[in-house]
Amino acid sequence: MNTNKHQRHWIAFSTLLTREVRRFLRIWPQTLLPPAITMTLYFIIFGNLIGSRIGEMGGFSYMDYIVPGIIMMAVINNAYANVASSFYSAKFQSHIEELIVAPIPNYLILAGYVAGGTARGLCVGLIVTIVSLFFTQLPIQHLLITISMVFLSAILFALGGFINAIYAQSFDEIAIIPTFILTPLTYLGGVFYSINLLPDFWQNVSLLNPILYMVNAFRFGMLGASDIPVFIAFSIIIVCIIALSTFAISLLNKGTGLRN
Amino acid sequence: MKALSIHNLCKTYQNGLEALRDINLEVEQGDFFALLGPNGAGKSTTIGVITSLVTKTEGKVQVFDSDIDDDPEQAKSYIGLVPQEFNFNGFEQVKHILVTQAGYYGMTAAQAEPRADELLNQLGLWQKRHTASRSLSGGMKRRLMIARALMHKPKLLILDEPTAGVDIELRRSMWTFLQKINEEGTTIILTTHYLEEAENLCRKIAIIDQGKIIENTDMKSLLNRLDKETFILDLKYPLPEDIDLSELSVERIDDTTLEVELDQKESLNGLFTILSAQGIEVCSMKNKANRLEELFLSLVETTDISI
């Protein structure tokens, strides 16, 4: 080991990222194919069949309106699921010990897993985007906002998956959060409708849902329209990323769920 | 500089179990060191603390002068660990496991690939390099864990029961391999339940029982403490009924087998002189039990065990 500390850290991080990417590519029928099929069904059923009867939403065809939300839904679900299942499997099979005994600081372990989850989220996002091009054209109004929002959202949910996996004691426990929290929040996060359709009370309740901000900011990037101000969305997501990162590192430092 | 130095190490688990009680231990560079003890004595907990898998309650641990709390990265970089249980990703290919492990220690793929090839060849895993690790036999998995621990050329190799469940042929080839890397300068700490293994390989020994070090010395002086040794003799002809062996502490096992207990002070020549005088011819002779095993059992406090 004749490399300096920064080089060593970089090699360790890229090794972990490579391992994570290799993992989700190796099991592509479980990781990449299902979202492509599910989202295609969404486009056919909600976009084409039902959407044609709904008409316009927020000034856009229903298909155009739901495409950004569906892409974002695929990104956050997959970023979350990748880290939750990969990290929990590493705990379950005990090969997380390879990392604990290695000279890698905890923040790099977190960064490696989160980067892996982000990579899968973005990969699935790209696949769903390509699928969506069979149904509609995608006008991107603000490229930087679109890319940065999808990137930040993937990071945030990868962090969520990591924390879930740290606490999880069984495979059931990594399914509970996506099933009972993530999915309802996604469906109620303005993927399929504008919150302007809701009564005032439910509009205000919806504003407590972080996914609403991501979906709307992403939609603003693509269509130029949003139910909420975009800078608020970015601020909330960045604050959440900082908070979850700090929390995740403190859990790693304490060895929660990992060390006796 | 000591390879490992442990001072006043204590570990109490959350359930109140005191696993380690004021452990003090030093391992010199280049040692082949045995850490022995009955099940649950604290061997794996000690190894867990050294390798950061277990959080200590109190005490100080230094690896080549690097404190595991103050400079964990440096301390960890010196250690290679072969744990008791298989702990690699069963779905990954053998060579990927090795190259990935090297990456965690800062080795580039260009550095790691030839090192992995070298170890795969040395440990007889070359043909399996593209096999998913879960498909390997038990012995191969053990060898893979040794190869993985050696990828970054650690100065201190810790093996926690590396030959458990391994057949004798493979065990002996692993001994030869470990002796070779020890001769090349790697300090080795070994825990094992095969006391013959510890006696053959290790020059220093510590025995841990109920969380305390009860013996810490070199193997030779420990074995010298054995005051009696028991031998089994296979005889060429059946023993006559009226033979007089009252000068010896002897037990007749069957017509052609004798068990003889000798004090450390007594010589084997004396034994054979007496046997020859009686016209007894001995075909072969062996120790009844491994010498270290006899000592180990006398040192370790026996507790009531219900099975």
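**Exercise 1. Describe how chain A is built, beginning with what share of its 260 residues is buried.**

Solution. Let's start with burial: in this predicted model, 48% of the 260 residues in chain A are buried. A residue counts as buried here when 20 or more other C-beta atoms lie within 10 Å of its own.

Next, take the secondary structure. Chain A has 11 helices and 2 strands, and along the sequence they follow the order α-α-α-β-β-α-α-α-α-α-α-α-α. Now check the overall dimensions. The radius of gyration of chain A is 19 Å, close to the 18 Å that the globule rule gives for 260 residues, so chain A is as compact as a globular protein of that length. Along the principal axes, its C-alpha atoms fill a box of roughly 60 × 35 × 35 Å.

Finally, look at the contacts. Of those in chain A with a separation of 6 or more, 82% join residues 24 or more positions apart.

**Exercise 2. Find the largest nonpolar core and the residues with the most contacts inside it.**

Solution. Begin with a helpful expectation: in soluble globular proteins, nonpolar side chains tend to be buried together. In this model the largest nonpolar core has 154 residues. Those with the most contacts inside this core are Ile70(A), Ile76(A), Val114(A), Ala158(A), Phe162(A), Met214(A) and Ile158(B). Helix α4 (residues 62-92) of chain A gives the most to the core, with 19 residues.

Then zoom in on Ile158(B). Leaving aside residues up to four places away in sequence, Ile158(B) touches Ile47(B), Ile50(B), Thr51(B), Ile79(B), Leu81(B), Val82(B) and Ile189(B).

**Exercise 3. Work out what chain A brings to its contact with chain B.**

Solution. Count first: 23 residues of chain A and 27 residues of chain B take part. On the chain A side, α1 (5-26) and α5 (96-101) each supply at least two residues, and α1(A) gives the most, with 6 residues. Sorted by class, the side of chain A that touches chain B has 10 nonpolar, 8 polar and 5 charged residues.

**Exercise 4. Describe how α1(A) packs against helix α3 of chain B.**

Solution. Two packed helices are described by the angle between their axes and the distance between the axes. For α1(A) and α3 (residues 94-104) of chain B, the angle is about 145° and the axes are 7 Å apart.

Now name the partners. From α1(A) come Ile11(A), Ala12(A), Thr15(A) and Arg19(A), while α3(B) offers Thr100(B), Gly103(B) and Tyr104(B). By class, the residues of this helix contact divide into 3 nonpolar, 3 polar and 1 charged.

Terms used
Residues numbered from 1 in each chain as written. Chains lettered and ligands numbered in written order. Predicted model: local features only at pLDDT ≥ 70, side-chain atom pairs only at ≥ 80, totals over all residues. Contact = placed C-beta atoms within 7 Å. Helix = DSSP H or I, 4+ residues; strand = E, 2+ residues; numbered from the N terminus. Nonpolar A, V, L, I, M, F, W, Y, C, P; charged D, E, K, R; others polar. Core = buried A, V, L, I, M, F, W, Y, C linked by C-beta atoms within 7 Å. Buried ≥ 20, exposed ≤ 12 C-beta atoms within 10 Å, placed from the backbone. Axes fitted to C-alpha atoms, helices over the stretch in contact; angles between N-to-C directions. Rg over C-alpha atoms; globule rule 2.2 N^0.38 Å.
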